[in-house]
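Dear colleague,

Please find below the structure that I am handing over to you, together with its sequence. My notes on what was found in it follow.

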Amino acid sequence: MITGGSSGIGKAVAKLLAKRGANISIIARDGAKLETARQEISASIIDSQQRILAITADVTQQKAIEFALKQAIADLGRPQILITSAGIAIPGYFQELSLATFHKTMAVNYFGSLYAIKAVLPEMIAAGQGHIILISSGAGLIGLYGYTAYSSSKFALRGLAESLRGELKPHQIKVSIVYPPDTDTPQLAAENKTKPPETKLITETAQLWTAEGVAQEIIKGMIQEKFAIAPGWEMTLLNRLHSIIRELLNWYFDKIAGKYRKNK
Ligand SMILES: NC(=O)c1ccc[n+]([C@@H]2O[C@H](COP(=O)([O-])OP(=O)(O)OC[C@H]3O[C@@H](n4cnc5c(N)ncnc54)[C@H](OP(=O)(O)O)[C@@H]3O)[C@@H](O)[C@H]2O)c1
């Protein structure tokens, strides 16, 4: 079951899982986009018995996401894997971001993931197995200039995953958290429209990944039962050393932002 499975990283993971013989349900809001994605994912199946479902729901609506996942369970059976990829990112200067943006970002990125987990967990506990994969971000490891709303929501997911991991272990349910780097998806294209110039300068040197590349790392990490899945050397370094290198990164980011302001 993949929330946000109609686009970007979620869709790319769905295609790879379809190639491995999985039955899949993708959940998102836009019905037309979902149907196109369903057809694309269906093209990757390896067995005619495989089922690919597309269900419309807004992850911020607890009853709606619960109902959507119940529908998926009724059709496909108990979920073995839940991936919470539905997410939004609205960058901007803190002073200019509305409170509504902070509420909306937490509602989609944090509570949207939480509601989905709450909905499938009883089924996974009853089955005595399962794997929950939350999609955070590099911005969930280190706070980034221009990402006050987004980083906070992705940090919240890290706290959730870290505390949930131990609680679910006795039930043989695994928890993983993914820290994708900048990935070429519609979300990143939308972000680039409102990113402050300082944020652009800070992030422009990072390697840009494809959604397929990130999806492959997610599948690999899932098979290896890794708790933290950090694609590439930049995210691996950030995941391992973020607390240690934070001051150095802050100094470096301040230098970039300061230089921009001086030349403005
Ligand atoms: N792209 C990056 O550079 C990057 C980097 C790090 C982390 N991430 C994270 O990776 C995840 C996937 O991002 P992406 O880049 O693949 O984005 P994307 O291509 O824009 O896909 C986002 C998906 O989430 C769905 N979605 C958004 N709001 C929703 C809501 N309220 N209810 C249900 N579904 C909703 C979208 O469909 P609808 O709009 O139709 O609902 C879409 O299927 C996100 O959590 C993102 O924060 C992305």
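Leaving aside its neighbours within four places in sequence, Leu-134 is in contact (heavy atoms within 4.5 Å) with Thr-84, Ser-113, Ile-117, Leu-157, Leu-160, Ala-161, Val-175, Ser-176, Ile-177 and Val-178. Leu-134 itself belongs to strand E5, residues 130-135; helices (H or I, at least four residues) and strands (E, at least two) are DSSP runs, numbered from the N terminus. Its relative accessibility is 0%, so Leu-134 counts as buried. Here buried means under 20% relative accessible area, exposed over 50%, and partly exposed in between, with a 1.4 Å probe and protein chains only. Between the C-alpha atoms of Leu-134 and Leu-114, which are 20 residues apart along the chain, the separation is 9.5 Å.

Before the remaining findings, a note on conventions. This is a predicted model, in which local features need pLDDT of at least 70 and side-chain atom pairs count only at pLDDT 80 or more, while totals for chains, interfaces and linings use all residues. Residues are numbered from 1 along each chain as its sequence is written, and side-chain values use heavy atoms, with hydrogens and water left out.

The ligand site

The ligand is surrounded by 29 residues (each with a heavy atom within 4 Å of it), and the closest are Ser-6, Ser-7, Arg-29, Tyr-150 and Thr-185. By class, this shell comprises 12 nonpolar, 11 polar and 6 charged residues. In that count, Ala, Val, Leu, Ile, Met, Phe, Trp, Tyr, Cys and Pro are nonpolar, Asp, Glu, Lys and Arg are charged, and the others, Gly among them, are polar. Helices H1, H5 (148-168) and H6 (186-194) each supply at least two residues of the shell, and the largest share, 3 residues, comes from H6.

Which atoms of the protein lie 2.6 Å and 2.9 Å from the ligand? A polar side-chain atom of Ser-7 is 2.6 Å from an oxygen atom of the ligand, and a polar side-chain atom of Asp-58 is 2.9 Å from a nitrogen atom of the ligand. In addition, a polar backbone atom of Gly-8 lies 3.3 Å from a ligand oxygen atom. Of the 880 Å² of accessible area that the ligand has on its own, the protein covers 95%; accessible areas come from the Shrake-Rupley method with a 1.4 Å probe, and for residues only the protein chains shown count as cover.

Helices H1 and H8

Helix H1 covers residues 8-19, and 10 of its 12 residues are buried, so it is largely enclosed by the rest of the structure. Among the buried residues of H1 are Gly-8, Lys-11, Val-13 and Leu-17. At 1.5 Å a residue, H1 should span 16 Å, and its end C-alpha atoms are 17 Å apart, which agrees; the expected span is 1.5 Å times one less than the number of residues. After H1 comes Gly-21, with a positive phi near 95°.

Helix H8 (residues 211-223) has 13 residues and reaches 18 Å from its first C-alpha to its last, close to the 18 Å expected. Its buried residues include Ala-211, Val-214, Ile-218 and Met-222.

Backbone angles

Most residues other than glycine have a negative phi. Glu-225, which follows H8, has a positive phi near 55°. This residue sits in the loop between H8 and strand E9 (228-229), and is exposed, with a relative accessible area of 51%. Gln-172 also has a positive phi, near 60°, and lies in the loop between H5 and strand E6 (173-178).

Other residues

Glu-162 is in helix H5 and, at 44% relative accessibility, counts as partly exposed. Its C-alpha atom is 8.7 Å from that of Phe-227, 65 residues away along the chain.

Is His-242, in helix H9 (residues 232-263), buried or exposed? His-242 is buried, with a relative accessible area of 16%. Neighbours within four places in sequence aside, His-242 is in contact with Leu-141, Arg-158 and Leu-237.

Finally, Ser-48 lies in the loop between helix H2 (31-42) and strand E3 (52-56). Ser-48 is exposed, with a relative accessible area of 66%. From Ser-48 to Ile-133 the distance is 27 Å, C-alpha to C-alpha, across 85 residues of sequence.

With kind regards

Conventions
A polar contact is a pair of N or O atoms within 3.5 Å; within protein, one must be able to donate a hydrogen and the other to accept it, and residues adjacent in sequence count only if both atoms are side-chain atoms.
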